[in-house]
Structure formats: structure tokens, C-alpha cells
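Please take me through this structure in the viewer, stop by stop, telling me what to select next and what I should find there.

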Amino acid sequence: MERVPQPPVNPALRDPERHDFWTGFAIALAGIVLIVCGARHLTAIETVEGGTAWETQLVKAFSSGGLQFPEQLALAPPPRGDDPAALERWARQRAQYSRPTWKVRVDAGATTPCPT
Amino acid sequence: MDNLEPKPKAPATGPPGAPDGCAACGAEGRQREGTVLGRKLSRSRPWVQAGFLGLWLAPAGQWLHGIPGCVFHCYSCPLSAFACPVGVLANYAALLPVAPEAPFLLLGVLLVVAAASGSLVCGWSCPFGFLQDLLGKLTPGKITLPAWTGHTRYAVLAGLVILLPLILGSKGVRFDNQAVSICRLCPAGALEAGLPYSVQGLLTGHGWMMSWFKSALLLAFVAAALFIHRPWCRLFCPLGGLLALFNRFSLFHLRFNPKECVECNLCRSRCSMGVKVDRKVNVSGCIRCLECTTCGAIEPRLAGPKREA
């Protein structure tokens with residue numbers, strides 16, 4: 001590392017910076033409690049399989065494109081052209097389509113490498 | 001004050017490029033214990049950083065993506081072991097209007113690391129910091145940025161990582177589709193994920209997959225790292241900013257020993273982050289690379305239940 005010339009130091013100006021053990025200890029303890037809670041935390045978000053997602057599954061879903069939103073499953077637009085079979089198929093799908101009741105759900109098996 | 005007692009005067013500042021510790025010797029010319037430890041730490045740091053790189057690069061596969069890491073390492077990297085804490089936080093913020101969830105794991109990991117060591121992980125184990133250190137070694141001169149520039153990290157944390165995803169999320173834009181987000185602007189993502197996938201795309205005939213904007217961002221970052229020491233850590237890293245807030249409280253900390261100070265100026269001149277080490281050392285601008293400990297008067301310490309003398 002390069003040494004850069006600096007103005008002279010003045011030890012008299014130095015803050016003694018007393019360090020308290022208990023503040024750091026309390027914060028670390030709070031962190032450990034949060035980790036334990038997080039590891040056992042069932043979120044309120046459903047999974048694709050129908051269960052409830054663990055927090056670890058939700059975090060994994062962030063990194064692997066595993067969050068599903070209802071609009072992803074929205075009905076496709078009507079087919080172009082005059083193919084009566086395709087139009088009939090689309091009409092049948094539309095009749096059966098019902099908008100999902102969930103707002104978001106977790107697909108624990110998603111493996112999209114780069115969601116963004 | 002106990003730090004006002006007279007001390008032997010050493011030469012004010014060694015010449016630039018002088019061997020480490022030459023001005024940090026005592027009046028008799030022998031090296032002090034703290035100096036020896038500091039120099040050992042300084043020499044071992046790149047090896048420790050390389051060792052941690054092996055840990056973050058998923059030697060056991062990608063089975064820990066459900067756990068947020070404590071360093072800045074993109075989870076889209078083909079070899080990432082843990083989830084990026086910044087990406088996870090931004091995702092939580094974007095999800096908040098749809099499904100309010102508390103990030104217990106993320107907060108827990110960050111609190112434990114921050115309380116134990118503050119920003120020590122920045123200086124010793126962050127893979128992106130290591131990369132910037134390596135890039136910085138390629139060029140001799142560095143532009144010195146004023147200390148206040150470090151506050152931009154908190155603007156990035158509040159604006160790009162929390163508020164923007166939250167606002168766009170409340171408008172129904174999911175995080176993956178947000179045109180402006182920390183993940184789309186992050187040079188670590190461009191380097192660790194965009195670049196490997198783009199090279200793979202070129203090799204398999206799919207072409208360059210990274211957007212021109214992100215490619216330009218990556219080039220700009222590499223250029224900046226050649227002339228500014230750790231530009232990302234210094235100016236933008238929200239994680240480093242967050243961890244550094246705990247430098248005042250962390251169990252591991254730095255302590256100035258006035259009896260060892262010979263006013264050699266080595267502590268301040270060794271600091272590449274522009275911290276005024278001669279005034280205060282446990283500050284938010286510090287990445288705890290421990291280079292300042294080569295002077296011998298600043299000692300790495302672990303706080304104990306007994307009050308320090």
C-alpha cells in the first residue's frame with residue numbers, strides 16, 4: 001500500500017474511545033435470537049405446492065426468481081387469425097379461468113439464475 | 001488526560017514509498033511489539049481475503065442461497081454460496097406492499113456480524129473489496145476523496161435499497177421488473193453474474209447478454225478502481241455503511257495506546273480510506289483493514305466484560 005504524506009499527528013487531540021462490552025454483547029445476542037427466529041419462521045406466503053413458505057425458502061426465492069405473482073398466470077390474449085379451433089380453445093380456457101386469490105407465492109423449485 | 005505524557009519524538013513522516021514501519025521504531029531503532037503484529041496482519045490480509053473468497057464461491061454447491069450472507073457478493077453469480085444481503089433487503093422492501101414480512105434471518109446475520117466485528121468483514125473477507133484491492137494494486141497513484149463522500153452510502157441504502165423498491169412495489173412493479181434498482185446498477189452483479197453469463201452466451205452463440213448500460217457501468221467501475229482506492233466501498237456500498245455504523249459498539253475494535261505513539265504519522269498515512277486515524281479510529285469511514293496497526297500505537301482489541309484501563 002502506498003504511503004501518502006500527511007500532516008503530523010496530534011495525540012493530544014485523540015478521543016480515548018472507550019469501548020463498552022455490554023452494548024456489543026446485547027446487539028450480538030439480539031442478532032442470535034433473530035437468526036434462531038428466522039430459521040424457524042414460517043412466513044404468511046404460500047408455496048406453489050400449497051403449504052406455507054419458510055423464511056429460508058423465501059430468501060432463496062429472491063435469488064432464483066421463485067416469486068410468483070397472479071399476473072404471471074393471467075389468461076393469454078385471444079389468438080390472432082381465423083383458426084376456429086384455437087378460438088374455441090381460448091374461449092374454453094377463459095370460461096374455466098378464475099383469478100388467483102393469492103397475491104404472491106413461492107416456488108421453492110425455481111432455478112432462474114439471474115432474476116433481474 | 002493520560003495521553004498527554006511526553007513521548008520520544010520520531011521523524012515526522014518517512015518518505016513516500018519508504019519501507020513499512022521505518023518510522024514506527026522506537027528511539028533505539030528496535031521494533032515495538034504492536035508494530036510487529038501490525039505488519040504481520042498487513043502481510044496476511046490478502047491471504048485471508050483469498051481464503052474467504054473460497055468460502056463465498058460455494059465450494060459445497062449452491063445449497064445455502066436461503067441464508068443471507070454478510071458480504072457483498074451477488075447471489076446471481078454462478079458460484080455464490082449465500083444470498084446477497086443487499087439484494088435480499090431490496091426484495092423484502094419491494095414485497096412489503098404485497099406481503100409484509102420481517103427479514104429475521106437477514107437482520108440477525110447482520111446484527112451478529114456487526115456487533116462482533118463492525119466493518120472488519122469489509123477489509124478482510126468481502127470478495128468485492130478484495131477484487132478492488134487487487135485492481136488498486138495495478139496503478140500506483142490514487143485520487144484521495146474527501147471524508148464526507150462516505151455518507152453517500154447511506155443515501156444508497158435508504159434510497160436505492162429501501163425506498164425505491166418500496167415505492168415501485170406499492171405501484172405493483174415487482175422487484176425483478178423494476179427498471180431502476182440496486183441490482184440493475186450494482187457493479188458486483190455486473191462482474192460476478194452479468195459477465196460470466198455473457199461470456200457463456202458468447203460461447204454458446206446467444207451473444208452478449210448484459211445490457212450496454214450495465215456493461216458500461218462495469219467498465220466505469222473497473223476504471224475507477226484503478227485510480228480510487230475501493231471506490232464502491234468508499235462511495236456506494238450500503239452494506240459497508242450499515243456495518244460500519246457498529247464500529248463504535250463492536251466487540252472487536254481498535255484502540256489507541258498513547259504510550260506507544262511516537263507521532264510517526266504512519267497510522268494516518270497508511271489509511272487508504274482517508275480516516276483521520278490520529279483523531280478517532282472506530283468510525284464509520286473505516287473498513288478495518290488494520291493497516292493503521294502497523295504503527296504500533298493502534299491495537300486490535302476484543303472487548304471484554306471488564307472495563308478497559
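## A buried helix in chain A

Begin by selecting helix 2 of chain A, where the buried residues are A:E55, A:T56, A:L58, A:V59, A:K60, A:A61, A:F62, A:S63 and A:S64. The model is a predicted one, and the stops below should be read with that in mind. Because 9 of the 10 residues of this helix, which covers residues 55-64, are buried, helix 2 of chain A is largely enclosed by the rest of the structure. Step just past its end and you reach A:G65, which follows helix 2 of chain A and has a positive phi near 65 degrees.

## The sheet of chain A

Next, select the strands of chain A and colour them separately. The sheet is open and consists of 4 strands in the order 2-1-4-3, with mixed pairing; strand 2 and strand 3 of chain A are the edge strands, each pairing on one side only. Helix 2 of chain A, from the previous stop, packs on this sheet and touches strand 1, strand 2, strand 3 and strand 4 of chain A, its direction making about 80 degrees with that of strand 2 of chain A.

Now narrow the selection to strand 1 (residues 42-47) and strand 2 (residues 52-54) of chain A, which pair in the antiparallel sense over 2 bridges. These two strands form a hairpin with 4 residues between them, and in the turn A:G50 has a positive phi of about 110 degrees. On the other pairing to inspect, strand 1 of chain A runs parallel to strand 4 (residues 105-106) of chain A, and 2 bridges join them.

Which residues are the bridge partners of A:E46 in strand 2 and in strand 4 of chain A? In strand 2 of chain A the partner is A:T52, while in strand 4 of chain A the partner is A:R105. Selecting A:T47 as well shows a further bridge to strand 4 of chain A, where its partner is A:V106.

## A loop residue and the whole of chain A

Move on to A:P78, which lies in the loop between strand 3 (67-68) and helix 3 (84-96) of chain A. With 10 C-beta neighbours inside 10 Å, A:P78 counts as exposed, since the cut-off for that class is 12 or fewer. Apart from its neighbours within four places in sequence, A:P78 is in contact with A:L87 and A:W90. A distance label drawn between the C-alpha atoms of A:P78 and A:S63, which are 15 residues apart along the chain, should read 33 Å.

Zoom out to show chain A in full, with its 3 helices and 4 strands, arranged from the N terminus on as α-β-β-α-β-α-β. The radius of gyration of chain A is 28 Å, well over the 13 Å that the globule rule gives for 116 residues, so chain A is more spread out than a compact globule. Taken along the principal axes, the C-alpha atoms of chain A fill a box of roughly 90 × 40 × 20 Å, and 25% of the 116 residues count as buried.

## Where chain B touches chain A

Bring chain B into view and select the contacts between the chains: 67 residues of chain B are in contact with 52 residues of chain A. Helix 3 of chain B gives the most to the side of chain B that touches chain A, with 9 residues. Colouring that side by class, you should find 35 nonpolar, 18 polar and 14 charged residues.

## Inside chain B

Select helix 8 and helix 9 of chain B together; they pack at an angle of about 115 degrees with their axes 9 Å apart, in a left-handed crossing. The contact is made by B:P187, B:A190, B:L191, B:G194 and B:L195 of helix 8 of chain B, and by B:K214, B:L217, B:L218 and B:F221 of helix 9 of chain B. By class, these contact residues divide into 7 nonpolar, 1 polar and 1 charged.

Finish with two loop residues of chain B. B:R230, in the loop between helix 9 (212-227) and helix 10 (231-236) of chain B, has a phi near 45 degrees, a positive value in a residue other than glycine, and is buried, with 27 other C-beta atoms within 10 Å. B:L290, in the loop between helix 12 and strand 4 (298-302) of chain B, has a positive phi of about 70 degrees although it is not a glycine, and is buried with 22 other C-beta atoms within 10 Å.

Key:
Residues are numbered from 1 along each chain as its sequence is written. Chains are lettered from A and ligands numbered from 1 in the order in which they are written. This is a predicted model: local features need pLDDT of at least 70, side-chain atom pairs count only at pLDDT 80 or more; totals for chains, interfaces and linings use all residues. Two residues are in contact if their C-beta atoms, placed from the backbone, lie within 7 Å. Ala, Val, Leu, Ile, Met, Phe, Trp, Tyr, Cys and Pro count as nonpolar, Asp, Glu, Lys and Arg as charged, and the others, Gly among them, as polar. A residue is buried if 20 or more other C-beta atoms lie within 10 Å of its own, exposed if 12 or fewer, and partly exposed in between; C-beta atoms are placed from the backbone. Two strands pair if DSSP finds at least two bridges between them. Axes are lines fitted to C-alpha atoms, for helices over the stretch in contact, and angles run from 0 to 180 degrees between N-to-C directions. A crossing is left-handed if the near helix is turned anticlockwise from the far one by less than a right angle, and right-handed if clockwise. The radius of gyration is taken over C-alpha atoms; the globule rule is 2.2 Å times the number of residues to the power 0.38.
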